Amino acid sequence: MKLSRQFTVFGSAIFCVVIFSLYLMLDRGHLDYPKSPRREGSFPQMLDVYSLIPFDNPDGGVWKQGFDITYKPDEWDTKPLQVFVVPHSHNDPGWLKTFDDYFREKTQYIFNNMVVKLKEDPRRKFIWSEISYLSKWWEAIDVQKKDAVKSLLENGQFEIVTGGWVMPDEAGAHYFAIIDQLIEGHQWLEKNLGVKPRSGWAIDPFGHSPTMAYLLKRAGFSHMLIQRVHYAVKKHFALHKTLEFFWRQNWDLGSVTDIFCHMMPFYSYDIPHTCGPDPKICCQFDFKRLPGGRYGCPWGVPPETIYPGNLQNRAEMLLDQYRKKSELFRTTVVLAPLGDDFRYTERTEWDHQFKNYQLLFDYMNSHSQYNVKIQFGTLSDYFDALEKEASASSRNSQSIFPVVSGDFFTYADRDDHYWSGYFTSRPFYKRMDRILESHLRAAEILYYFAMKQAKQYKISKFLSSSHYVMLTEARRNLGLFQHHDAITGTAKDWVVVDYGTRYLVVYNPSEQARSSVVSVCVSSSAAQVSSASGKPVEIQMSAVWDTATTVSQTAYEISFLAEMPPLGLKVYKILETSSSNPHLAKYDLYNGNIANEGIFNMNNIKSAQEAITLENSFIRLRFGQSGLMEEMLNKGDGKSLEVKVQFSWYGTTSKKDKSGAYLFLPDGEAKPYVYTTPPFVRVQRGRFYSDVTCFFEHVTHRVRLYNIHGVEGQSVEISNIVDIRKEHNYEIAMRISSSINSQNRFYTDLNGYQIQPRVTMSKLPLQANVYPMTTMAYIQDAERRLTLLSAQSLGVSSLKSGQIEVIMDRRLMQDDNRGLEQGVHDNKITANLFRILLEKRSVVNMEEDQKAVSYPSLLSHITSSFLNHPVFPMTEKVPVPTLQLLGEFSPLMAPLPCDIHLVNLRTVQSKVDGKHSNEAALILHRKGFDCRFSSRDTGLLCSTTQGKILVQKLFSKFTVVSITPSSLSLMHPPPDARNISEINLSPMEISTFRIHLR
């Protein structure tokens with residue numbers, strides 16, 4: 001993914017926020033799930049499975065990571081084997097080449113040849129998943145080709161699987177972005193092809209999350225397939241014939257979240273690893289590898305073209321593999337994918353694969369002694385046949401398939417090669433991705449409101465603009481970035497506000513009312529801020545530092561407390577006046593010497609006699625001589641807790657296989673970050689915030705406390721600016737060590753949606769105990785919970801009791817042999833942003849902590865939401881004098897209930913290209929929270945309503961013309977879709993409604 005491309009997207013998202021804001025400042029209805037049959041058998045949690053598996057990795061013979069498979073020749077006498085061979089081509093939207101290069105050199109030819117080659121024989125089939133590529137091809141082709149594609153879809157020869165914009169990563173991607181790219185793909189399909197995907201296909205994400213299973217279920221899918229799962233887990237599932245199961249969310253006490261899941265049993269999704277257990281044999285049935293081609297079989301035996309002389313022998317050889325594969329499953333229906341990365345680009349490959357296989361099929365089908373029915377199929381052909389057989393075999397409505405809960409991280413494909421490196425690789429882009437998401441969401445919400453206002457007041461300039469086209473482009477670019485090779489893979493640019501009078505429009509993207517500190521840079525120390533009506537507002541003025549030790553003489557930072565309505569805009573004026581009276585921040589400087597210049601008082605301290613402390617009305621922090629935090633005191637109960645922040649280094653192993661973009665292969669435990677001279681430490685104390693910043697060679701580390709009574713005063717903000725561009729084969733981590741007795745348990749979120757309990761296991765290597773963290777991780781004991789909230793996805797672990805360790809950046813000089821063919825050495829200076837929240841636990845039964853489900857507190861949820869959706873300050877010169885600006889824009893009647901998050905308000909496309917309809921997708925998520933944490937005195941200005949919202953009490957500026965429930969990605973209206981007057985959400989539920997406002 002090219003960087004320049006990302007910044008244009010970033011720019012367009014910010015531009016949209018600004019434009020839509022300015023236009024605005026001018027004067028149970030949830031989808032019911034089908035009732036599921038009861039499921040047979042135990043209900044294993046993946047945590048329990050991990051405790052059972054020995055992880056000893058013995059040699060399994062031809063199936064190296066498995067075991068020897070045998071069968072009886074008469075097994076299929078009563079019920080023949082049914083085999084579906086499913087041709088596919090996996091197209092990464094950007095990996096070794098860019099999206100555009102791949103399209104130009106490969107993907108367009110796959111589609112062009114598909115149209116011709118599938119029409120040659122109605123028995124041929126093909127599946128496709130990435131809509132980003134399909135849409136690009138569609139724009140360039142003629143009507144005849146478009147009609148050909150539609151007829152192939154109608155007659156079942158071509159199937160779209162999943163149908164998202166990309167095949168998203170499942171470790172680092174936030175659920176907002178996963179949903180957004182799913183809607184983008186499904187909306188494109190509805191408009192251009194009129195198809196609704198039914199089956200999920202995820203063959204390449206590096207580990208799998210139950211969040212994806214939940215989102216697919218909510219979108220109306222009934223089946224899904226996964227592939228990259230730890231080889232020892234695959235073996236365990238194969239031994240117990242549980243490779244097909246109902247995947248259930250771990251909070252679900254019924255079966256409403258169940259979705260049927262097929263786990264591919266072998267090493268890879270390529271042809272050598274999909275026909276059966278022996279890759280040496282399966283490779284001989286990949287007819288792209290025929291002698292004379294560009295690449296052959298690494299096992300040394302090439303494929304042979306099928307002709308009458310070898311037909312029987314080759315058919316029996318292949319059938320033997322299919323039979324062995326079927327022994328790992330509970331039915332006689334077998335899935336055999338036939339494809340690999342960027343396959344079927346050339347017509348010769350279409351011919352070689354389809355013609356040779358058809359000869360084999362015809363031979364097997366015509367010889368009844370084989371008891372096999374074999375054909376090309378789509379993914380849904382397979383699942384339909386499976387469902388038919390399973391329902392015939394099920395006893396008294398009990399399913400023959402087990403139920404599984406939990407996730408499939410951390411992935412290992414062989415030996416101790418755990419893919420925990422990519423949880424952190426290229427953290428600059430992971431942070432940028434989250435900023436982009438918050439800008440896009442803000443732009444979406446403002447756009448729909450602005451469009452409605454523009455219609456009401458007939459502002460034709462807005463209505464005829466290309467804003468919707470820009471919004472679509474921003475959605476699609478964010479979608480591309482969720483691809484499993486992109487996100488896996490910023491510091492603010494201060495814009496100084498110069499004078500006359502400027503309007504500062506502040507947007508609150510949260511559904512909660514909010515008191516937040518807003519900071520902007522100005523060019524004069526004589527600055528004053530007032531409300532829209534002219535009432536002066538208290539300000540803190542702080543120094544802007546050109547370097548660690550030099551203060552700018554031309555820029556000043558002003559900060560003030562903005563009180564903002566939910567999803568609303570508030571106007572402030574900034575003016576230059578001699579009567580300005582700001583609170584000047586005071587500075588204590590350790591281990592350095594800065595002269596007093598300008599308006600700020602610099603107090604140089606030679607050596608700290610007493611500890612450095614910061615405090616607000618909730619928390620007191622104590623720091624050591626080097627400016628690193630050592631203790632937190634909660635003023636609510638007066639108890640202090642050791643909370644030490646330290647940095648450390650990981651090297652890479654001296655063995656042949658070393659860490660790279662995907663793999664984390666450390667050289668042992670982390671070594672402490674050593675510095676010979678004490679770092680320069682800068683302590684700033686101000687009216688609205690105070691902070692301690694220490695300057696190390698590789699990290700500028702800042703701990704900030706906000707002196708406000710709202711939510712943001714109750715946690716500690718940590719910002720690290722990391723620069724390891726000069727290091728070789730090192731990874732830098734931040735470790736938080738506390739006296740919490742968490743033993744070997746910790747908790748990480750999955751995709752910002754749910755919490756997955758973790759157990760650090762001594763039988764696993766260090767790198768296996770690193771897990772993805774999208775927005776938070778916590779540890780706890782009977783009295784306290786310590787949460788690290790994160791504004792970017794990174795790898796996290798808790799290797800010792802009381803510790804949380806997060807890997808912040810990695811610079812690796814070699815490839816890790818997973819196809820990328822390069823190390824990770826394009827590091828940038830990267831800003832990481834976190835918050836630490838310390839909460840008192842009450843009424844705790846420690847047995848509860850052994851359960852497979854856990855929830856954040858309400859305060860933690862809202863702190864995370866504010867961290868990931870900061871307020872947007874936008875400056876504007878005085879507009880046209882004849883226009884009267886409103887003082888604020890407050891679209892909601894009241895904040896939403898505390899536990900309900902507005903995921904998005906996304907304008908729905910119209911049937912015409914580049915245009916919008918009157919409707920928007922209103923996506924709501926009712927968060928599950930732990931109600932044993934008190935919400936008293938937490939500064940939360942909202943209440944909970946047991947998931948009920950009265951539609952007529954939702955908006956203050958708009959009338960709800962209609963609101964109807966829908967499936968998550970708008971593909972399916974419920975059978976009795978009708979206008980509702982009340983929204984009812986269960987805990988954890990994400991639901992989409994089609995809403996029309998006026």
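Which residue of E6 does Ala 202 stand opposite? Keep that one in mind while you look around; the answer comes in the first point. Note that this is a predicted model.

1. **Strand E5 and its partner.** Ala 202 stands opposite Ile 226 in E6. The two strands, E5 and strand E6 (residues 223-226), run parallel and are joined by four bridges. Look at the side chains of strand E5 (residues 199-202) too: Ser 199 and Trp 201 point one way, Gly 200 and Ala 202 point the other way, and all are buried.

2. **Strand E7, covered on both faces.** Strand E7 (residues 244-248) is largely enclosed by the rest of the structure, because five of its five residues are buried. On one side you'll find Glu 244, Phe 246 and Arg 248, and on the other Phe 245 and Trp 247, all of them buried. So that you can place the neighbours of E7, which is largely enclosed, here they are. Strand E8 (residues 259-263) runs antiparallel to E7, with four bridges between them, and Trp 247 stands opposite Ile 259 in E8. Strand E12 (residues 403-405) runs parallel to E7 and is joined to it by three bridges; there, the bridge partner of Phe 246 is Val 403.

3. **Two nonpolar cores.** In soluble globular proteins, nonpolar side chains tend to be buried together. Here the largest nonpolar core has 106 residues, and the members that touch the most others are Phe 237, Phe 408, Leu 922, Leu 924 and Ile 983. Helix H13 (residues 427-456) gives this core its largest share, twelve residues. There is also a second, separate core of 68 residues, with Val 692, Ile 740, Leu 786 and Val 806 among its members.

4. **Aromatic pairs, starting with Phe 126 and Trp 350.** The structure holds 69 aromatic pairs. In one of them, Phe 126 and Trp 350 are tilted, with 5.0 Å centre to centre and 50 degrees between the planes. This pair links distant parts of the chain: Phe 126 sits in strand E3 (residues 126-128) and Trp 350 in helix H11 (residues 347-366), 224 residues apart. Both Phe 126 and Trp 350 are buried.

5. **A stacked pair to compare.** What kind of pair do Tyr 747 and Tyr 778 make? Their ring centres are 4.9 Å apart and their planes are at 20 degrees; planes under 30 degrees apart count as stacked, so this pair is stacked. Tyr 747 lies in strand E33 (residues 745-750) and Tyr 778 in strand E36 (residues 776-780), so the pair ties together parts that are 31 residues apart in sequence. Both Tyr 747 and Tyr 778 are buried. Tyr 778 has a further partner in Arg 785, which lies over the face of the Tyr 778 ring at 3.9 Å from the ring centre.

6. **An aromatic cluster, and another arginine.** Phe 126 and Trp 350 turn up again in one aromatic cluster, together with Phe 158, Phe 285, Phe 287, Tyr 344, Phe 354, Tyr 357, Phe 361 and Phe 376. Elsewhere, Arg 514 lies over the face of Phe 866, at 4.0 Å from the ring centre.

7. **An open sheet of eleven strands.** If you trace the sheet, the order is E22-E21-E28-E29-E30-E31-E40-E37-E36-E33-E34, and the pairing is mixed. Its edge strands, each pairing on one side only, are strand E22 (602-605) and strand E34 (754-759). From one strand to the next, the twist averages 20 degrees. For a closer view, try strand E28 (residues 680-685) and strand E29 (residues 689-695), which pair in the antiparallel sense over five bridges; the bridge partner of Phe 680 is Phe 695 in E29. Helix H16 (residues 858-868) lies across E36, strand E37 (784-790) and strand E40 (830-840), and runs at about 165 degrees to E40.

8. **Glu 511, a buried acid in a loop.** Is Glu 511 buried or exposed? It counts as buried, because its relative accessibility is 4%. Glu 511 lies in the loop between strand E13 (502-507) and strand E14 (514-522). Leaving aside neighbours within four places in sequence, the contacts of Glu 511 include Arg 441, Pro 566, Ser 865, Leu 892 and His 901.

Key:
Residues are numbered from 1 along each chain as its sequence is written. This is a predicted model: local features need pLDDT of at least 70, side-chain atom pairs count only at pLDDT 80 or more; totals for chains, interfaces and linings use all residues. Side-chain values use heavy atoms; hydrogens and water are left out. A nonpolar core is a set of buried Ala, Val, Leu, Ile, Met, Phe, Trp, Tyr and Cys residues joined through side-chain atoms within 4.5 Å. Buried means under 20% relative accessible area, exposed over 50%, partly exposed in between (1.4 Å probe, protein chains only). Rings of Phe, Tyr and Trp (its six-membered ring) pair if their centres lie within 6.5 Å; planes under 30 degrees apart count as stacked, over 60 as edge-to-face and the rest as tilted. A charge sits over a ring if NZ of Lys or CZ of Arg is within 6 Å of the ring centre and within 35 degrees of the ring normal. Two strands pair if DSSP finds at least two bridges between them. Axes are lines fitted to C-alpha atoms, for helices over the stretch in contact, and angles run from 0 to 180 degrees between N-to-C directions. Contact means heavy atoms within 4.5 Å.
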